[in-house]
Amino acid sequence: MGSTRRPATAGLGVPLDSVGVGGGERRAACDRILTTLDRPGGRVLVVGEPGIGKSHLIDRVLRVLPEDRTVLFTRATEYDQGRFRGLRDLLQDVPDDRMTTLPVGQRDALLRVLERTRQGDAVESALVQASVTHVLADLARDGAVVVIDDWQWLDEDTARVLRQAFERPLVRRALSVLATRRTDGSAEDFGIRSVFAPTDVVAVPPLRAPALRALLLDTFGRRLRDAEREAVVRRSSGNPLWALEMAAARLEGDPRNAPMTVTDAMRGRITAMPAPLRAVLELVTVLGRASESCLVGAGVTEPCTLALAVRQRVLRIIDDDITIAHPLLGAAAVGLLDDEEQRAVHRRAAALPIDPVQQAAHRDRASRPGPDEDLAEELTVASRRAAMSGASDTAHRLAKRALTRTARSSPAWSDRVMATAAAAFVSGRLAEVVVLLDQIDPTTLPIDQFDSGVVLMADAMQRVHGRTRVLQRVHELQDQLPPRGPKWDVVEVVRLTFVGLEERDVVEQLTVLLDRLDPEITPHAVHAAVEACIVHRVDRGDGLDADLLQRQRDFERTVPIGVVREHADDLEAMLAYQCDDLVRSRWRLPAVLRQSRDVGEVNRVAAGLGHSVTIAVLTGALPAASELLRQAEEAAEVLVDAPSAVHRARGLLALTLDDRPGLSAVLESALPPAMEARGDLLKSGLVGLDAAYSNDWEAAVVPLERMYRSSGARGIREPGRRLWVDVELGRAFVHTGQVDRARRIMSALAVLGGRPDRVHARGQARRLAGLIALREGDTPAAVASFDRALVDLRAGGFVLERLRAETERIGALITLGRQRDARVLHTEAVLEAEKVGDPRVVRDLAALSSAVAGDDLRARLTAAEFRVAAAVADGKSNREIAAEFFLSVRTVEAQLASVYRKTGARTRTQLALRVREQMA
C-alpha cells in the first residue's frame with residue numbers, strides 16, 4: 001500500500017515553513033522525529049501548549065517522509081468521541097485486500113467497525129483487538145508509521161485498542177508511532193503510559209522573535225504597522241497561534257486590542273462571523289467531524305458556506321471529511337453558547353443520519369437536565385450496543401448517563417443501577433461499583449437482580465474494603481431475609497465463598513446449596529458457588545477438579561451471566577501451577593490475558609500478569625519475570641489497589657534476585673484490603689524463605705512455622721498455595737536437628753506426591769528424605785534419594801528448586817567421596833545457575849567449589865609432589881622413590897608430608913587410593 005492522506009496545512013492555514021520549522025530548535029526537533037521514525041519501532045510524542053505549533057510540526061514531518069511510505073493518520077478533536085471513530089479514520093485508506101489474511105471472524109469484525117460492511121450481530125471486542133493488532137503488525141513489516149494528532153482527544157475505545165496493540169511485541173518492535181499531546185500539567189504530558197517512554201518526548205519550543213515577525217509578515221503583509229507587530233511579538237510569548245489572533249484582533253479594530261488569551265481572540269473572531277458560518281462551525285465541533293455529503297444532503301448547510309469556512313481557515317475539508325481547523329477554535333465557538341443554545345446544536349446533530357450510539361449521546365445533551373424515561377431507555381440500549389462492540393468505556397459512560405436520566409421512583413431505576421455497576425466493574429472502577437450498589441436496598445429486588453447485585457457487590461467490596469466488611473454486610477442481609485429462601489441461599493453462597501476453609505465442610509455446604517439453586521434464576525450465585533468449590537478444593541490439597549472446571553466452562557457457554565469474578569479459564573490458568581502443573585498454566589495464561597485485554601477488564605489483566613511473573617520465577621526465567629512485573633505494575637496503576645497476585649509476584653521476584661530494597665519495600669508496605677485474609681501469611685512466608693535461602697536456619701524456623709501453622713488453621717493445606725514453605729520448613733528442621741518434625745513434613749509431601757500428577761511434590765518429598773538420611777549419617781541412602789528426587793524435579797519444571805536440590809546432592813557426593821561425579825555435576829549446575837541469575841544459588845554452588853576440586857591432585861600438588869604420590873601408589877618405599885628420582889630420602893619425606901597435608905590423607909594406603917582414583 002502506498003502512503004495515505006498527508007495534510008497540506010494544519011491549524012489555521014499558517015505557512016508550514018514559518019511555524020512548523022521556525023528556528024533552529026524546531027528544525028532540530030523535526031530532524032529528531034525523522035531520525036526516530038526511520039528506525040523500526042521508533043516512538044515520538046510531541047508535546048506543547050495549545051497553539052504552539054504541534055500540528056504544523058507533524059505536517060512538516062509528513063511532507064518530508066518518503067512518498068512510498070505507508071502513513072496511517074488521524075487528527076482527533078475534543079467533541080469527536082464516537083466509538084472507534086479514531087480507528088476508522090486511521091484505517092480508512094487501508095484497502096480490504098490487506099485484510100484477506102485475517103481469520104474470517106476477525107475480518108468481519110474489523111470491516112463492521114470500519115463501516116465497510118452491513119451492521120449485523122454484536123462485534124466481539126476480542127476479534128476487533130486481534131484484527132487491529134494483526135493489521136498493524138502486517139503494515140509494520142512495510143515500514144508503516146502511525147500518526148495521531150491530539151492523542152488526548154482520541155475516543156476511549158480507539159485509545160484502548162491502540163494501546164494494547166502497540167504493546168504486542170511484533171508491533172512494538174516494527175511499527176513507528178508519532179503522536180502529539182497538549183500539555184495540561186498532568187503526568188501524561190511526559191509519557192503516555194505503556195506507549196511512550198519519557199525519552200520519546202519532544203517538546204515544541206516557543207518561536208523566537210525573528211520567526212514570529214516573519215510569520216506575521218507572511219500572513220498580514222504590511223497591513224500591520226511595525227510598532228503593532230513588535231507589540232504582538234512581545235505579548236505572544238512565542239505562541240504562533242496567539243500571535244496571529246492578536247494581530248487579527250488589532251487589524252479588525254477589536255476594542256480590546258490586546259486579548260489576554262488566545263481563546264479571547266478566537267471568541268472575538270467567532271462573534272464577527274456570519275451566522276451560517278458560525279452555525280456550521282458549532283455543529284462540526286459537537287460532532288467532532290462530519291461528511292460534506294451528510295451536512296449538505298440533510299440541508300444543514302450550503303456548499304458555499306463550507307467553501308467560505310475553508311477560505312477563512314475555520315474548517316478543513318479533505319475528500320468528504322470535514323474537521324475544525326484548530327481544536328481551540330471549536331472550543332471557543334461552543335464556549336460562547338449558553339446552555340439552551342448548546343442543546344439546540346446537539347438537537348441538530350441528533351437529527352443527522354449518524355451512528356445510533358452517537359445519536360443517543362447527542363439527544364441526551366440536547367435535553368434539559370432531569371429524568372426522561374424515553375431518553376434513559378435509548379441511552380441504555382446504546383450502552384448495550386457499545387458493550388457488545390467491545391467499546392467498554394463508551395458503554396460505561398452511556399450507562400451512567402442513562403442512570404442520571406432515570407427517576408428514583410422509576411421501575412427501571414434498580415435495573416439501571418445494576419447495569420451501570422456492571423459496566424463500572426468491567427472497566428476496573430470498583431469503588432464506583434460499591435457506591436452505586438449502596439443506593440439500592442437489595443432485599444427489595446427481584447431474585448434475578450438480587451442474585452447479580454449481591455455477588456457483584458461482594459466481589460467489588462472485598463477488593464475495595466476487604467473480606468471483613470463483606471462478611472459484615474452478608475450477616476446484615478441474612479438477618480433481613482427469611483432463612484433457606486432463594487435470596488438467603490444466594491447470600492449464603494457469598495458467605496461461604498469468603499469465609500473460606502476456616503469453617504468446616506464448606507465445600508459440602510456449597511454442594512448442598514448448588515442442588516437448591518436454580519441456575520436460570522440465580523446464575524451468578526451458581527457460578528460463584530462452583531468457583532468457590534474449585535478454589536477451596538485446591539486449598540485443602542485435593543487439586544484442580546477437572547469435572548468442576550468443565551461444569552463451570554459449560555455453564556459459562558450456555559447461561560448469559562455477564563460479569564463474573566473469575567472465568568473457568570482464569571481459574572485453570574491461575575491455579576494449575578500452584579498444583580504443580582506449570583505446563584498447563586503457561587498454556588492457558590496467554591489466552592486469558594488476551595481476552596482480558598480485549599474486553600478491558602483491567603483487574604484480570606493485572607492479576608494474570610502477576611501470576612505470569614510467579615511462573616517465570618519458578619521456571620528460572622528471571623529477566624522475563626522482571627519485564628512481566630513491569631507490565632503488571634503498569635496495568636495496576638489505574639486500579640485502587642493492585643491484585644494480590646501482583647503483590648506476591650513483587651515479593652517472590654525480589655526474594656529470588658536477593659533484592660534487599662525491593663524485598664523490604666514489600667514487607668514494609670501496607671497490603672490492600674483484598675489481601676486481608678492472606679497478607680500476613682505472605683509476609684511471614686517471605687521472611688522465612690529469605691532466611692532459608694541464606695542458610696540462616698535458626699532464623700528461618702519461626703516465620704516459616706508461623707505461616708505453615710496459620711495456613712493450616714485456615715484450611716490451606718496445598719503447598720503451592722502457601723509458597724511451598726513446607727519444603728523450606730522441612731529443610732530448616734533438618735539443619736536445626738529437629739529430624740522427627742522434618743520427617744512428618746516429608747510424609748505429608750509423599751502422600752501428596754503419590755498422585756500421578758504431583759511429580760513436583762514427590763520430588764520434594766524425596767529431597768527431604770535425602771536430607772534426613774544425610775543428617776543421620778546414611779550418605780549412600782541420601783545420594784540415592786537425591787538422585788530420585790532430581791528425576792522428579794526435572795520433570796516438574798521448577799528450575800530453581802531443582803538447582804537447590806542439585807546443590808544438596810553435590811554436597812552428599814563429596815561426603816561420600818565421589819568427588820569426580822560431584823565435579824561433573826557441579827560444573828553443569830554452575831553454568832545453569834549463572835544463566836538463571838539467582839545470586840544465592842550461585843553463591844551456594846561457589847561455596848562447594850573448593851570441596852569439589854579437592855580430589856584434583858594435579859591441581860593441588862606440585863609436579864614433584866605428584867610424582868612422589870604416584871610412586872607411593874605404585875607401592876614403592878621412600879628409599880626406592882629417592883633412588884628413582886635422584887633425591888635424598890629426607891627430601892622425599894618432606895614432599896610426602898606436604899602431600900599428606902594437602903590431600904588430608906593420613907596413611908600411605910589412603911593416599912594410594914586417591915591417586916589411583918585420580919589416574920583412573
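**Exercise 1. The open sheet**

Task: In this predicted model, find the order of the three strands that form an open sheet, and name the edge strands.

Solution:
- Step 1. Read the order: β6-β8-β7.
- Step 2. Check the direction. The pairing is antiparallel.
- Step 3. Find the strands that pair on one side only. These are β6 (290-291) and β7 (315-318), the edge strands.
- Step 4. Look at how β6 meets β8 (residues 321-324). Two bridges join these antiparallel strands. In one pairing, Ser 291 has Asp 321 of β8 as its bridge partner.

**Exercise 2. Helices on the sheet**

Task: Which strands does helix α13 lie across, and which does helix α15 touch?

Solution:
- Step 1. Take α13 (residues 275-287). Helix α13 lies across β6, β7 and β8. Its angle to β8 is about 95 degrees.
- Step 2. Take α15 (residues 303-311). Helix α15 packs on the sheet and touches β7 and β8. Its direction makes about 110 degrees with that of β7.

**Exercise 3. Helix α33**

Task: Compare the expected span of helix α33 (residues 644-656) with the distance between its end C-alpha atoms. Then decide: is α33 largely enclosed or not?

Solution:
- Step 1. Use 1.5 Å a residue. The 13 residues should span 18 Å.
- Step 2. Compare. The end C-alpha atoms are 18 Å apart, which agrees.
- Step 3. Count buried residues, those under 20% relative accessible area. In α33, 11 of the 13 are buried, so the helix is largely enclosed by the rest of the structure. Among them are Val 646, Arg 648 and Leu 652.
- Step 4. Find the cover. It includes α31 (602-618), α32 (622-636) and α41 (799-816).
- Step 5. Look just past the helix. Asp 658 takes a positive phi of about 55 degrees.

Notes: Residues are numbered from 1 along each chain as its sequence is written. This is a predicted model: local features need pLDDT of at least 70, side-chain atom pairs count only at pLDDT 80 or more; totals for chains, interfaces and linings use all residues. Side-chain values use heavy atoms; hydrogens and water are left out. Two strands pair if DSSP finds at least two bridges between them. Helices (H or I, at least four residues) and strands (E, at least two) are DSSP runs, numbered from the N terminus. Contact means heavy atoms within 4.5 Å. Axes are lines fitted to C-alpha atoms, for helices over the stretch in contact, and angles run from 0 to 180 degrees between N-to-C directions. The expected span of a helix is 1.5 Å times one less than its number of residues. Buried means under 20% relative accessible area, exposed over 50%, partly exposed in between (1.4 Å probe, protein chains only).
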